Amino acid sequence: MASSHTVARLGLANVKDIDSSALAWDTGFEGVGASDPQRKVSEVKAWAESIKKTYDLNFEGSLSSGNNAVSDSNTSASNSADSDSNNQSAYCNTDDSGSADGTGKIKESGLLFWDKNSIPDDIKPYVHNITSKKLDWRLTTPDAYNQCAGFSQVYMNAIWSPNFTFRGNGNVTAEAVAKVTGVKVTTTPKAGAVFSSDRPNHTGVVLHVLANGDLIIANQNAVKSGQNAGTSKDYEITLAPKKSYAKDSQAVGYGDMTFTYPGDNSKYKLHW
């Protein structure tokens, strides 16, 4: 935003309310018109109000062009690719336990995020071994290399066979996978299932369902990876509490989640 989208950056610096902020972002960054129906003004405002209330964001923000400025995307993508291939072992649990869903207890609680190189020891037994060779980013498009939907496409094809192609934003990924694999979308999580959340627009893959119903998931562009972290072809591990993904939950990125498990069709086989 400090370079190619300066208009958006300056617009955001001068707004005083949520409506003006959304308008500055949509027109200056997303490149849509003020009256474009894609903007979904009322939904965005509702999400923003929820976030503001949840995190008590009643203070003035600021924009800096110093060391915290967003880095060049090409550099980020290159660095991420190198890091991904060199540090897979730190992310992977090479002694995969193959633990069944509905088992296991961990000390962590709440909605938590870890990059692939900083996973707590008690989480590692539930993180499956996906090597860098299996993550074939050619299965998605370059514009999705730093997005959650791109990661779900690549990751699902790393663990399921035969491969299948699906497209769409994060909030419709579960539906897209269900359509192409011939199974149903459910509200029941299962290891190996892709998830979608419409709060606001996110997707990822379930790695394990703990005994208390909490989920350990892999996803990109949440907090520690992807566009939000200035990286590309990346991913992170998230602990999503049961209360966060329950129906009508307002949890940002994980509320009201739905799941699609290709294995409900005997044609598709899961291999971690």
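The following exchange goes through a predicted model of one protein chain.

Colleague: What is the mean pLDDT of the protein chain, and over which residues is the pLDDT below 50?

Modeller: In this predicted model, 75% of the residues reach a pLDDT of 70 or more, and the mean for the chain is 80. One stretch has a pLDDT below 50, although the model gives it 51 contacts beyond near neighbours in sequence. That stretch is residues 64-98.

Colleague: How many helices and strands does the protein chain have, and what percentage of its residues is buried?

Modeller: The chain has eight helices and eight strands. Of the contacts with a separation of 6 or more, 63% are between residues 24 or more positions apart. Among the 272 residues, the buried share is 39%.

Colleague: Are the residues on the two faces of strand E3 buried or exposed?

Modeller: In a regular strand, side chains alternate between the two faces of the sheet. In E3 (residues 194-197), Val194 and Ser196 lie on one side, with Phe195 and Ser197 on the other. Both faces are covered, and these four residues are all buried.

Colleague: Which residue in E4 is the bridge partner of phenylalanine 195?

Modeller: E3 and E4 form a hairpin with four residues between them. The two strands pair in the antiparallel sense over four bridges. The partner of phenylalanine 195 in E4 is glycine 204.

Colleague: Which residue in E7 is the bridge partner of valine 194?

Modeller: E3 also pairs with strand E7 (residues 258-260), in the antiparallel sense and over three bridges. In E7, valine 194 has as its bridge partner threonine 260.

Colleague: Why does histidine 208 count as buried, and which residue's backbone oxygen does its side chain reach?

Modeller: Histidine 208 sits in strand E4 (residues 202-209). Its relative accessibility is 2%, so it falls under the 20% cut-off for buried. The histidine 208 side chain reaches, at 2.8 Å, the backbone oxygen of threonine 103.

Colleague: Is glutamine 38 buried or exposed, and what is its C-alpha to C-alpha distance from aspartate 26?

Modeller: Glutamine 38 is in the loop between helix H2 (18-30) and helix H3 (41-54). It counts as exposed because its relative accessible area of 60% is over the 50% cut-off. Aspartate 26 is twelve residues from glutamine 38 in sequence, and the C-alpha to C-alpha distance is 9.4 Å.

Colleague: What percentage of the area exposed by the protein chain do carbon and sulfur atoms supply?

Modeller: The chain exposes about 14,200 Å². The part of this area supplied by carbon and sulfur atoms is 49%.

How values were computed:
Residues numbered from 1 in each chain as written. Heavy atoms only, no water. pLDDT = per-residue confidence, 0-100. Contact = heavy atoms within 4.5 Å. Buried < 20%, exposed > 50% of the residue type's maximum accessible area, 1.4 Å probe, protein only. Polar contact = N/O pair within 3.5 Å; in protein donor to acceptor, adjacent residues only side chain to side chain. Pairing = 2+ DSSP bridges. Areas by Shrake-Rupley, 256 points an atom, 1.4 Å probe, with all protein chains shown as cover.
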